[in-house]
Structures are given as C-alpha cells and as structure tokens.
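User: I have a model open and would like to go through it with you. Could we begin with how the chains are arranged?

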There are 2 protein chains.
Amino acid sequence: MNPEFIDSLVIKNNTKIIFLIMDGLGGLPMEGTNQTELESAKTPNLDALARTSVCGLLDPVGYGITPGSGPAHFALFGYDPIKNNIGRGILEAAGIDFPMTDRDLLIRINFATIDANGTIIDRRAGRIDNATNQRICRKLQQNIQKLSDIEIIFEPVREHRALLVLRGDGLREEILETDPQKTGLPPLSPNALVPEAKETAALLQKLIHRAGEILSDEEKANMMLLRGYSRYHRYPSVMERFGLNALAIAGYPMYRGIARLLGMVIGPQPSSIREEFLALRDRYSQHDFFFLHVKPTDSRGEDGDFDAKVAVIEEVDRLIPLITDLKPDVLVVTGDHSTPAALASHSWHPLPVLLSSATCRPDRVDRFGERDCIAGGLGRLPTVYLMGLALAHARRLEKFGA
Amino acid sequence: MNPEFIDSLVIKNNTKIIFLIMDGLGGLPMEGTNQTELESAKTPNLDALARTSVCGLLDPVGYGITPGSGPAHFALFGYDPIKNNIGRGILEAAGIDFPMTDRDLLIRINFATIDANGTIIDRRAGRIDNATNQRICRKLQQNIQKLSDIEIIFEPVREHRALLVLRGDGLREEILETDPQKTGLPPLSPNALVPEAKETAALLQKLIHRAGEILSDEEKANMMLLRGYSRYHRYPSVMERFGLNALAIAGYPMYRGIARLLGMVIGPQPSSIREEFLALRDRYSQHDFFFLHVKPTDSRGEDGDFDAKVAVIEEVDRLIPLITDLKPDVLVVTGDHSTPAALASHSWHPLPVLLSSATCRPDRVDRFGERDCIAGGLGRLPTVYLMGLALAHARRLEKFGA
C-alpha cells in the first residue's frame, strides 16, 4: 500500500493523538545481562501501558537500512522516507527557522581550519563558540551579498556550523561536497555532478575562494566546507494530508526543523525532558496531534554509554503519568531508529513501538522491550504506516470502498 | 522499499558473509510425530546457532507462490525474483558455462520418443545416457549450422536434456513451448505468442522439422521438444551491486549457472556435502561472500522421502563447526524454498532462516525449526531483503540520509 493512500480517507474529529518519540530508542543486548537498554531499564509505567496496548517492531526505512534522523522522522509522520529524502541543507535551514523560498539552494557550512598549504588540520575549526560563529557569518555577509545575479546569505547555526543560502534562478544541487571527511587533505572542489550543475558549481567555486580571502586572518575558522546541498521543496503539511493541527515539542533544532517543514506548530524550547512533558500538558487543549521528541536517548547511545541511556529511559518512564493523565485517544510510544550503545551509532535494528488506545486490540505483550514486542499484535512493519494506524485508532479514517 | 535501494548505500570492508543454503529446506509435519523434516532432525549445532541468532521466516517470491530454483535463488542474492525472472534456456546455458552473447536466443531441448504417427510416447526419450546425448547433438550440429542468417548451436547437457542456441538479430522469445506435458499427444507447434515473434517461430518450425528428419533413425531420441525460450540478458553482478567478491560452491549445474550469471567465482565441483564445506574452508581467505549450496535436501523432498531428507539435514548439522570455526562476520542458514516430502514437490510455504552475527539482536528462538522461527526477530519477510540484512550486519551499508 502506498503510504499516501490513507490521505483520501481522512476525516476530522476531536480526538487527540500523542507521539512520544525517544530518539534512538532501540538497542542491543549488553554482554553479561543479555538485556538491551530498554529491557534493562525499570519502566513500570511503560510496561503497564504495554499490557493494554498493541505492540510491534518498526523498520524506519527498510530491512537493513540505518536511517539518519531526517528519513526516520519523515517515516514517523507518514511520509515515504525514500521518496522524500531531505538534504542536510534544508534540515539545517528549517532548524533555525530560516524563511525559505522556492528559489533557494540551501547548504550546510562547516567552518574548518586549514594550514598555510591549504591542508585541513581541523574539520570543525576547534568547535568555535556560537559568538565567534556569529561574528564570522556577519563578516562574510558584510563582504559578500551577491555573486552574479545570485543573492548570498550566511546564517550562523551553532559552534562550527552555519547555513549558506544561494537565492536565484536555475540553481542545482548536484554538486560534490567539499569536505574530504579527513584531515591532512585539502578541501575538495565543488564539482558539478551533472552537466546542468556547472554554472552553480562555478559560482560556488568563486564563493569559496572569496570566503577564504575574507577568513584568511582568522585563527581557527579560516575556511568553509560545504555539504548537504538541497533545493527547497515544499511538503504537504500534516494539516493538508491528515487534517491534524499539530504541535511539536523538541529541544533540538533539527527536529523542530523537520516538524516545521511538515507544517507543525513549534512549541517552546524546553530545557529538560520534564519541561517538554509540562509544555505538552499546557498546550493540550490547543492541538490535536502532539510530537514530543526526547533527544538524550540517542545522544547517550551515540556516546556508547549504556547506563546513561538506561537512565534517560527511566526518567521518561517516570514522566509518563503526565501524559496518560490527559487520557489521549491515541498514545504512541516509540523511537525514530535504534542507537545501540554497543555500536555507539544509529543502526538498522527494528525498534519497539506501543500504541495505546481504547480502540486497540491489546496483544499479550506485558513489558515494553525489543524482544517482548516481537510477539506484538502489530508484528513488524515499516514505520511509515504508523501514522495511518494512529489515525485509524483515533477514528480519523473512514471506511474504504462500499 | 525497492530491493535495489540498498545498492546506493554499499561500502566495502573486510568482513565475510556466508550463505548456507539447504535447497528445499522448508517442510510440512508428518502425521504421527507432527514434526517437519527440520523439526524432526537432531540439529544440536543449528539449534545452538539459533539461540544467538536472529531468526525468521522467508517468503521467496510472495504469499502463496511456489518458486522454481531460478527465482528463489535470485531472491536470495537480493535480485527481485519477479522483475528478474529468468528463462530456463538461459539457466541451462549458464549451467554448462556456455559463452552467451547478447544476440542469443537460448532454448532447452528435451529429447523425446515419438511413434510412427508422431505421437509422443516418452517425453524423456527413456532418459538416454550422456554419451548418446553427445552423439545426437554432434549429429544435429553436423547437419545444421545455419538457417537463413541465424547460426544454430546444439550443446548436450545431460541425459535427455540439451541446449539449443539461435544466434542472430531480431530473435524473440515469445514462442509457445512444444512439450504438451503428456504422452499420447503430438508435440505442439512453436507458435508465435506475439506478432513480432512470427519470424522466429517460422524458423523454429523449420528447425524442428529438419531435426526430426535427422533423428528419424534414432531408436529413442527421435524428436526434440523445446521449452524455456530466453533471450540473453546480462545482470549486474554481486560485485557491481554489493562490492562482494563471491565464491559459489555448488554441485549442480543450475546453481553454478545462476551464480555465474551474477558474477560469482565458481568453486570446484564437490562430490559430497562434506567436500563442499571443506572447499569453502580452503578458499576462505580469497573471497568475502560464500554461497554454499546443498542440493539433496530438495532432491529427497522431491522424492517424498521424509526420513532421507531428515538425514541430509542432520549431515549438514554435523558439518556446521567447519564453518562456524571460521568465525564469519555474518552466517545465514536457510533454503531457497520449501520442498515438503509430504508434497514431493516445491511449495509456497515460508521457510526458516537464521542470521548469526556479533551485531545481531538475538531473539528468544532456541531451536531451528519452522514453527520456532515464527517467533523470530526478523518476523516474516520477503527473501529479497535478506541480502540487505546480511550486508547491514556486516557493516557494509552506510547510513541513509542526514
């Protein structure tokens, strides 16, 4: 079934749906205990939920595919993650709420340090602080506003990361990224990957050269590396597709950015997981779909810190009553992908999901864990179908056919 | 997900992947014990593997589809079995290492016996021996080298089977097979199934007539039946698609042929299952993907001999340490399709699979059997996705998206 098939069946009502997303939730068993992070964690609230829910295992993109955050979240919101693969430039722009137009080519800048020979000696320019980043972007902007007919915009993001926007006609994204991914090498040339991109490539070549001149007196950030070229693309919003007035509560720019791209209202930027839950409660009456994004499960997984990831999961578990007390019509608890501490990176392993609703058919899963969810009533399914299931349980999809 | 999607994510490393394929592995329970062949077999080594593996059930082509060996193996190697459906002619040609060109129409010959009225009385010409087959092909070749502008080649295969190659321009494969599948009937006419195939059909009609004249003094093989018309088609190799330097160890021509079509190196032709395992061990350092094909599970299933199939599985189980001792990064044990002794034929039933790897998330399956694998962490999945999973567990797929 095409994931967009459900769009034609959407009806509106007053039900409320919550997606509680623990980033990188899925894990791998630790030697010794043979338990994953989630299985090790004490999660009485999630386990109680699992007992009255329908559970399963999600494949974010497909069997064996390790997803980045972009595709994984697109899938969660019912958007085909391959068809809608999103460039890093557009994600970066969305994350800082940059007002994109459909003439924009969006590019991520990593400021870097090169030596006198032009060799990269630090690909992150010593992770300069935000103030330095802002000063450097201002300096570049003051010296470069236009190249040929193309408007040039520099926007700081954080640390060594910034956004470069080229605004004009005929810009192409099929350009080689200039970060060689290693120190000890010079930056790569932004070569055209298709003949039609030659003009854009030449423009970028000139721009990089100018930027190098302007930054030559900087101690650390004396070069910019370009990646994630992406032409702006407007996505149909969750309101247009599903009739959902959605609120996104997420601390990290990228997730706020994705939510904004899909037409969600962006909530306050919380400074703790607890604040996120409280923000949802405070705005519960104003929306009908809630995306609550918990980042530290992924961060601790990426750190390879099993115990710290367990602690984050336990913290989330303690906060669960704050949302179950709201009695949402549908509560989905899952992640976007696995980030096992054992691998210290995103992975391809499927991740557990529970869907709690008065209209669900509970299975016999009595504990929220990867291996428990194998026996769940949802089976193993592509994440992209989760939104349809949530809408169905919220009685927001009408019957198909006579 | 399109099965070819993974190709864009492939990276190379030094990991090693073994596919141990027991042909026709899946079975059906026998009355009385209520156990399948695999469940009845004493398989301590496979059971031990299952306990540290992720298990599941594979559908070779789709729900309810009974696959031939061609599609089943294409799926195992990650090639869409329907899109890449391969004609028997090309399989036959590949199996005898015939040097195909892209102007070839490849056809399987079954020599048959007809009576004075032209009625088929033996569709396999009494299974003539290989020497007779060779003599007959030589005789045909000496009398027929060309028809119109089309070069004609006869190649013996074994017993009553041979290969007919038409080499020239504009040849088509949409022709009716001439074997009526029953004795007591005359051969069918090789009619064109589409208007564009009329010329090829007329040529084949003439060729069959000539061959009949030449073979008229033969006692048994006095007619040829044609089937499996296939135009040559080059497939991207497993090296091109997955960066794998693959070795195929298989005793039977068809499997060697399929492996060769997909660019695998063909190992020595072993005379026993044990020799196959030893051949793999001997060449382990020279390749990074190993396809080890065990035929007798299927043959004994086709014979309807439950106990003999059990014995083959037990023999394989005893040999397992020969490959686990190599400590491959990924070991997959499965089959290509089910061949239940109860049906004495290929069948549509899903078949058990286990994937053993340090990076897998073991499930709770503690025994390798059809019903045990229902509870496996892989769930039930199309065979075509198995290759992507193997590559992922071998860390040979990079992350998708930002």
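Analyst: The following turns cover the chain arrangement, the nonpolar core and one helix pair. Please keep in mind that this is a predicted model.

User: What turn and shift lay chain B on chain A?

Analyst: A turn of 124° with a shift of 0.1 Å along the axis lays chain B on chain A, and the RMSD is 0.2 Å. That is the relation of a three-fold axis.

User: Which C-alpha of chain B is nearest the axis?

Analyst: That of B:A375, which lies 3.7 Å from the axis.

User: And why do the copies meet through different surfaces?

Analyst: Because only 10% of the interface residues of chain B are also interface residues in chain A.

User: Changing topic: how many residues are in the largest nonpolar core?

Analyst: The largest nonpolar core has 242 residues, and A:V332 and B:V332 have the most contacts inside it. In soluble globular proteins, nonpolar side chains tend to be buried together.

User: What is A:V332 in contact with, leaving aside neighbours within four places in sequence?

Analyst: A:V332 is in contact with A:I18, A:F19 and A:L20, with A:V353 and A:L355, and with A:L386 and A:A390.

User: Now the helices. At what angle do α4 and α8 of chain B pack?

Analyst: Helix α4 (residues 88-95) and helix α8 (residues 253-261) of chain B pack at about 95°, their axes 7 Å apart. That makes α4(B) roughly perpendicular to α8(B).

User: Which residues make the contact?

Analyst: From α4(B), the residues are B:L91, B:A94 and B:G95; those of α8(B) include B:P253, B:M254 and B:R256. The contact residues divide into six nonpolar, two polar and two charged.

Conventions: Residues are numbered from 1 along each chain as its sequence is written. Chains are lettered from A and ligands numbered from 1 in the order in which they are written. This is a predicted model: local features need pLDDT of at least 70, side-chain atom pairs count only at pLDDT 80 or more; totals for chains, interfaces and linings use all residues. Copies are superposed by least squares on the C-alpha atoms of residues with pLDDT of at least 70 in both. Two residues are in contact if their C-beta atoms, placed from the backbone, lie within 7 Å. A nonpolar core is a set of buried Ala, Val, Leu, Ile, Met, Phe, Trp, Tyr and Cys residues joined through C-beta atoms within 7 Å. A residue is buried if 20 or more other C-beta atoms lie within 10 Å of its own, exposed if 12 or fewer, and partly exposed in between; C-beta atoms are placed from the backbone. Axes are lines fitted to C-alpha atoms, for helices over the stretch in contact, and angles run from 0 to 180 degrees between N-to-C directions. Helices (H or I, at least four residues) and strands (E, at least two) are DSSP runs, numbered from the N terminus. Angles under 35 degrees count as roughly parallel, over 145 as roughly antiparallel, 65 to 115 as roughly perpendicular and the rest as oblique. Ala, Val, Leu, Ile, Met, Phe, Trp, Tyr, Cys and Pro count as nonpolar, Asp, Glu, Lys and Arg as charged, and the others, Gly among them, as polar.
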